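Visitor: I am in my first year, and I would like to look closely at one part of a structure rather than at everything at once. Could you take me through a pair of packed helices, and then show me what surrounds them?

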Amino acid sequence: MLQLHNIHKTYRDGTQALKNISLQLGTGMLGLLGPNGAGKSSLMRTIATIQAPDSGHILFEGRDVGQEPHLLRSRLGYLPQHFGVYPHISCYALLEHLAMLKGVKDKPQRRRQIDQVLALTNLTGHATRQPSHFSGGLLQRFGVAQALLGNPQILIFDEPTEGLDPAERLRLHQLLHDIAQTRLVLFSTHIVEDIEHLAGHTALLLGGAIVASGHTRALFSNLDGKIWQGPPKDPLPCNTQLLSQRLHYGRPVVRLFSEQCPAAEFEPVPPSLQDRYFLTLQKHTGEIA
Amino acid sequence: MAGARIINEVQLNLRQPLCWILAPLAGLFGFFVGRGIHVRQAELFSDPHLLHLVGALCMMALPWATCLLAGFALYRATGHQMYELTLATPLSQARQQAIQATGLCLVLILLGILAALGVQAGLISSAEKLPDILGLLIAGLKLQGLQLLIGIPAVLLFVSVFWLLRNLSPSPLLVYLGGLLWFISYMLLASASGSPLMASSQTPTPWLLNTMGYLDWFGLSVLMAKQPDLILLGANRILVLLAAFTIAFTAFHLAGRCFTSWAKPASQRPAQQRARTPAVFAFTAVKPQGFVQFTALARLQCAQAFKRPMVWLLGLVWCFVVLGETYPSLNQAEPGALLAGLSLDAINRFMWDLVPLFGSMLLLYFSDWLTRRDQRLHFTGILHALPLSPSAVLPARVVSLLTLLLAFLLLTALASIVCQWLKQSPIGLGDYGRFILYAGLPLAALGTVFVAIQAVIQNRLAALLLCFLLLILRFTPLADLLGLHHPLLRPFATPLMPADGYIGYSANLDGFRAFTLFWWLLAALLLLTAILANRQGRKSGVHWRNIPALLGLAALASLLVQQGTDIQTGLDANGRNLDPDSRAAMLADYEKGYRSFAELPMPVIARVNTRVDFFPKQRQVRVSGQYHLENPHAQAVRTLLIGEYWQTPLSHISLDAKAELEYNRKLGQRLYQLATPLHPGQSLSLDFSLVLVQNGYQPLPTHKILTEDFSYLRAIPYFPVIGYLPIRELGSEDLRRQFDLPEKPQQSVELALASRDKNKDGYDWSLMETQISTPLGYQSFTQGELVKSWQQDKRQFRRFVTQQPVRNLQGFIAAPLKLSTRHLDGAKLQVAYLPQHQTNVEMTLDAMAQTVSFLSTHIGPYNGHTLTLVEKPDMGPTGYALPQLLLIGSGVGFRALQNTELPYSQAYRRAVHETAHQWFGHWFGNGIAQDSAFLVESLAKYVELVMLERYRGKAAMLALVAYERARYETAEGHNRQALLSLVSADSPHDQYARATLAFARLRQTVGDTPILAALGELNKKHGYPAPPASSVDFVNALVRQAPAQRELIETLFTRPVPVAQWLSELATEQP
């Protein structure tokens, strides 16, 4: 459905946001993972044709969207990481305005769509309120709702669960899962577990480049039997790599990568995408250093 | 610590792009002010001139600079969503704001210093001879000192007020609005109080003068007085500072208000929990349509705009501005004269300055708001991912902006209609419709260009500055200062002039249409370019594949060029145009090339036969004429110099004598070397013809008005002239030096008259025979008696003949007017007027008859058999007198009625004045080149006094004296020119107001008998064909008639004595 070939993007201050990005995307969900400044939002903005790449092509159904961005935009639902809303207008009216801009010109159909997206995002009870008065979580749900309007074949969500309470987060997960059955959903988040559970495919970005991509499970399946968890030790046992240190029921624990058990206190744990993420991060940061 | 914080604040301000831009702008602005306000070279570095420059600089620039910087500095935290961060610091909000305000003051003072340096640079660049280093240093210190004296209290006051406004509203719009209102109100107050910085002929009320003395925040009302009162100045500065600190104190205490009280608290409802089914997505295909998007965008933008409380507040304030401007003066023609104000009178109060200025600023503000709104609200992320057609977005913004403009104009009209209703004035809705159209169309084009500029230039500051530059070129003299004189270089200006109740807008409507079309083509071109250049998400900048749009662009560009060419052709059809610099150069060349001909004898025009054919609908007049030239000198004439008007060359000219011709086309001069000299007493004929048109592409000149409802042409300057004309010589010392012309001796009129060559004195009088043709239904008027009237080929012909020579200053009028006639001792007096303006006709005839009768009895008979007074449109002077033909403005002469303010009618007084010119101007006076206008204007003022007392009572005469006294004292209060005698004085307030006071004073002592006797003596000695009289001849005759009052007469007329020395002796009230 969507093909990215050798996408490069450098901002005016010299920041190289995207380096030689190539991807082939079809129906389903792709999660984008990476630290701050990795290029996730830049990639999403480029795919959404909000900014043009310096070089490379994005093909949508075989056509270059660099020359015809409206081709993609008419089939796109996009939720940016940060956004605002117009004041003095109700949630319903603003959705209606956006629906008209997207091309839903038939009034009954428009109303049906709006009612549907309001229901899907649990905003029906807030339809008459002004989104400029919404809390962060409500506003985020509004953002999701507007992205669902029209006939989006591609949905791009930049940090869609930001600000949502746990119940709404789960609700959104289910929604994204349902959508991804017939559409391409591209989303980014800092919550690695969300990607691990939701995304069939994951791309790991670092410094503007994709350093790892593929089936989500496959990205860390080769870590089976190599991830160990135990109490913090200083110094670390030999031939181990510290992946993360966290608190577990209030007690600090560390996760290590090691081909074999590093110490008696350590026990093997199933690998996770986060382990893979930290491992890759350290490898590339070490290379950069 | 406070000092460090203030320094930090100043440094933060100085880092901002706005400051980087304002700093050089301040210097540049000062430079142009320093260069732009003209004065003689000798006065360039004088104290009054320096004060004038600094005053103008502060008045024009300080409010704007302050409100621009205040909008940024005081709203910095809220504007960049850092308010909560700044709230969570140890320093209280009040202290933070105090530091911001202090930093702002310091930056403004710094900008003021830069501007004063710019002024000095401007002065240095205009100086032909620089003072020495010490002189320059002193001038610089004086400029800085004045800048600080005038600027610091004003800066403190402005900043404190804006600080207070900042704590009253979260929107910086209140500050910008405050700045604009402050600027406008000072202009109005300065004008009303007679400030020399504002051109105004109003007589200020004493209470306003006193109030401005104390409260003028620049202190200019005191500083620019002839003798500044230092105590009053000190009081003024202290009062302004006190006000500033009081307001700052209030603002300080209001600073603790929490801004979150303005925002409604967000509330949440618990999420509804229910069992969910998988999401169903089964939408049908959609196809975005440009038109639907366009209407949706436009509708939402308009709704959003009108929902803003600030827009309603702005509208309300604007209504009050219009009411304040219109209500007091709607029914006022002039002091002492009431008008039955019409809608056009109301509209004229705001259509030509307030609406364009305020409307342009509103368009700038709202175009910026519409353009940056999505960015400001962080909505661009969503919007840019939508399939929006570029051809929907920008046109939607334009439509929204134009809707706001329409609302603004409708509101203006509504406020004015309310004024009219309150004043019980008849409301003409058609006039308001025309106002909306004529004011709105150019503004709409301007707004469209603003939208296009802001769409193309991503940087907000750069875009706003470019838009602001357009406004500066439009509304300030900067274009002239930069030498950009062509009307198309004044952005979005049109030649449309204020309409009057006579000819409406017809004079310049064709020009308005042409110019407006040009601006609209430009706007459309720029808008289309902006649409094509929209590169959101695209790799390439322009939609090169959009062939229809590119073709449209090419078509618009070619139409624009074509329209520009048509306008130039239209301008050229009215006549050759020269900018002021080229005109000065041309006059210098004329003097250098032809000055020597002033010494050669030239024939005089003994008789003029003219045929004038008016075509009012086509706005054309065709003239063919014949001069019968005679040699009145004792020597032969061998060379004939004939000049034509450089702007409208003659179509044909021929001499009925053999001569070698040398024609200077550029200067319009023909030099005929006669094969056979013209001996004394001999004559020859000169035939000429010309066609004049007026298409309304330029403002109408005073003496050529060709419209369907009123046509008027004065022979001078369009007819050929004989010989060298000293009146064309450059008068400015600086220009004469610039063009290497000899210096003109600076001497009084008395000395100039005494040292003149009397052989060159002479009247330029002729017999005249004129045939005028007009369409049927039109009256026509010129010098002479109407001897024959007939119709032919569906046109009306009339022939006029003068029985005796009259001053050769012909005028021709054609208009569909009604006539009212009265006969008086063989003379026919007539008034031509619009049928609906009948009220003052009989009184006007009374004024004419009484004046003719009185002056015929006491001086000499009227030089003619017909005297016609014609109602003219309200453009140019309110009254004007040609020989045997008077023109008086429709408003003041025919619509105005006497009110209770003065015990006499201004219309009566004006008719007397213009009738008196038949003696003073067209019998006496205008015969000696070195003479002043004393014998013409000042004697006419004397006649006013006499006639008012004689026919309206002494109280009326004394009321005129009191009125002229107030006018004189106001003008003289700011006059810094060297004192001259009344006979030598050339300023209007001397020639009219001072003259009235002088004659009133004289009459008080000697009565009218010696004055009239002196005039009678003058008539005997200098009446045509005797040599002409001078002003000094009259004064000498007066002394002969009242020798005991010689001292008084010389004090009043021929000595440079301050009026204050004798003014207290003048009675202005009846005992």
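Guide: What follows is a walk through one helix pair in chain B, then the rest of that chain and its partner. Please keep in mind from the start that this is a predicted model, with an ipTM of 0.82 and a pTM of 0.84.

Two packed helices are described by the angle between their axes and the distance between the axes. In chain B, helix α3, which covers residues 47-73, packs against helix α7, which covers residues 133-166, at an angle of about 30° and with the axes 9 Å apart. Because angles under 35 degrees count as roughly parallel, α3(B) is roughly parallel to α7(B), and the crossing of these helices is right-handed.

If you follow α3(B) along the contact, the residues that meet α7(B) include Asp47(B), Leu50(B), Leu51(B), Val54(B), Leu62(B) and Ala70(B). On the α7(B) side, the residues that take part include Ala139(B), Lys142(B), Leu146(B), Ile150(B), Phe158(B) and Phe162(B). Sorted by class, the residues of this contact divide into 17 nonpolar, 4 polar and 2 charged.

How far the prediction can be read depends on the place you are looking at. Chain B has a mean pLDDT of 89, and 94% of its residues reach 70 or more. Over residues 258-277 of chain B, however, pLDDT stays under 50, and the model has 17 contacts beyond four places in sequence for this stretch. Where pLDDT is low, the predicted coordinates should not be read in detail.

Moving outward from the helix pair, we come to the contact between the chains, which takes 36 residues from chain B and 45 residues from chain A. On the side of chain B that touches chain A, α12 (290-306) and α16 (380-383) each supply at least two residues, and the largest share, 5 residues, comes from α12(B). This side of chain B divides into 19 nonpolar, 10 polar and 7 charged residues.

Chain A, the partner, is assigned domain 1 (2-215) and domain 2 (221-288), and the C-alpha centres of these domains lie 33 Å apart. In chain A, 10 residues of domain 1 are in contact with 7 residues of domain 2. The elements of chain A that give two or more residues to the domain 1 side of that contact are α7 (192-198), β9 (201-206) and β10 (209-215), and by class this side has 8 nonpolar, 1 polar and 1 charged residues.

Note on methods
Residues numbered from 1 in each chain as written. Chains lettered and ligands numbered in written order. Predicted model: local features only at pLDDT ≥ 70, side-chain atom pairs only at ≥ 80, totals over all residues. Contact = placed C-beta atoms within 7 Å. Helix = DSSP H or I, 4+ residues; strand = E, 2+ residues; numbered from the N terminus. Nonpolar A, V, L, I, M, F, W, Y, C, P; charged D, E, K, R; others polar. Axes fitted to C-alpha atoms, helices over the stretch in contact; angles between N-to-C directions. Parallel < 35°, antiparallel > 145°, perpendicular 65-115°, else oblique. Left-handed = near helix turned anticlockwise from the far one by under 90°. pLDDT = per-residue confidence, 0-100. Domains from an automatic or database assignment.
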